[in-house]
Amino acid sequence: QAALELGVLIPPIRIRDDVRLSPNEYLIRLRGSEVARGEVMPRMLLALDAGGVIRPIEGVETRDPSFGLPARWITPARRAEAEAAGYVVVEPTTVVATHLMETLKANAADLLGRQDVQEMVDTLKRTYPALVEEVVPAKIPLSVLHRVLQRLLRERVPIRDLVTILEALADVADQTKDPEVLTEHVRRALSKVIAAQYADESGTIRGITIGPRLEAALMAFFSPRQGKGAGLMDPDLLSGALRRLEALAREHGEQGRPAPVVTPPALRVGVRRLIEPVLPAIPVLSLGELPPQVDLQSVATWELPDAA
C-alpha cells in the first residue's frame, strides 16, 4: 500500500519482542531510533471520535496513535452501541497497521536512499530510455534528483509518476540546479496528483487562506530586502500567528488530518519553511499548483490581529 500511494518501496520490517515495553505497548524504530509509540488492548476494540459522535459511551479513554483523535477502548459487546452513537470502531490490529502506515508516510523521505533512486531510474530507463538519458545525469545529477524526491515525500507528494517528474526537471534544468526551485516546478507538474489528495468527492478543496495583512508581512519577512514591513513579524507576533494557524488547521481538519494552508505562489516555499519545524503535518499548497477545474473554498483566514 505504501508503494502504491507514495511510489517508494519499503524495506523489510522486522518484528521483535522487547521485555522493556509494557505488555500492551509497541514502538516503531527507523534505523534503530524510535519514531513512534503506541498502546493497544488486544481483546478490546477502539472506538474513534472522528467528529460524528452524538453521545459518549463507556470505555477506557485514550488517543488514536495515528491521528490523535479522542477514542475509547471498549469491549466487543459494545460495538453496536458505539457505532450507533457515531463512533468509528476498529480492531487493535488495524490500529497498529494504520499507525505503521502513517509513520512510513511521515518518514518516507528518510527511507528513500540514493541507491533506491538509482534503481528507480534504471527501471524507468527500460521503457523511457530517451528521457532518462537526456535528464539523468546529463542535466540533473542523481544527488539532486534524490533531494528533489525527498522534498516531495517530506510533504507527502507521491513520486509514482517519475516520467512527469523527470520531464518537469528537464524543462528547467538549464536554468537552475537548486533542489528547492526544481521541486516547485515539479509540484506544478504534479498539480492533479496534489489536488486529488485534498479535494473532496465534489472536487472542492477546503483550505485556510492567508489574510492581506499577514500576506504583506510575510512578503516583507521573506524578501531579501526586508523593508519596514519586516518589523511586523517580531518573534512574539510570529509565535502567536503559528499558534493561531495550528488551532485553525485542527478546527477545520477532517478525521484528524489538518486543513491545508493555501498561499500565493510567491509565499509557498517561505510559509512551508516557516511552519515545518513546529507544524510539519500542516500541508502548504500554492494557488499556482492547483488545476483550474479545482474549486477552492476558504474555510478560515489566517491573519494577524487587528492591533498589528
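This report covers the overall build of one chain and its largest pocket.

**The chain**

The model is predicted. The chain holds 13 helices and 10 strands. Its C-alpha trace spans about 65 × 60 × 40 Å along the principal axes. Of the 308 residues, 43% are buried. Long-range contacts carry much of the count: among contacts with a separation of 6 or more, 69% join residues 24 or more positions apart.

**Surface and charge**

The accessible surface of the chain is about 16,800 Å². Carbon and sulfur atoms supply 52% of that area. The chain carries 37 positive side chains and 41 negative ones. How far apart do the centres of the two sets lie? The distance is 3 Å.

**The largest pocket**

Rolling a probe the size of a water molecule over the atoms shows where empty space is left. The largest pocket has about 1,600 Å³ of space. Its lining counts 49 residues. Which of them lie nearest the centre of the pocket? They are Gly256, Arg257, Pro258, Ala281 and Pro283.

The table lists the elements that give two or more residues to this lining.

| Element | Residue range |
|---|---|
| α1 | residues 2–6 |
| α3 | residues 92–106 |
| α10 | residues 191–198 |
| β7 | residues 204–210 |
| α12 | residues 235–251 |

Which element gives the largest share of the lining? That is α3, with 5 residues. One strand, β7, also appears in the list, at 204–210.

Notes:
Residues are numbered from 1 along each chain as its sequence is written. This is a predicted model: local features need pLDDT of at least 70, side-chain atom pairs count only at pLDDT 80 or more; totals for chains, interfaces and linings use all residues. Side-chain values use heavy atoms; hydrogens and water are left out. Helices (H or I, at least four residues) and strands (E, at least two) are DSSP runs, numbered from the N terminus. Buried means under 20% relative accessible area, exposed over 50%, partly exposed in between (1.4 Å probe, protein chains only). Contact means heavy atoms within 4.5 Å. Accessible areas come from the Shrake-Rupley method with a 1.4 Å probe; for residues, only the protein chains shown count as cover. Lys and Arg count as positive and Asp and Glu as negative; His and the chain ends are not counted. The place of a charge is taken as NZ of Lys, CZ of Arg, CG of Asp or CD of Glu. On a 1 Å grid over the protein atoms alone, a cavity is a set of points where a 1.4 Å probe fits but cannot get out, and a pocket is an open set with protein on both sides within 12 Å along at least five of seven lines; lining residues have an atom within 4 Å of a point. Grid points are joined across faces, edges and corners, and a volume is the space filled by probe spheres set on the points.
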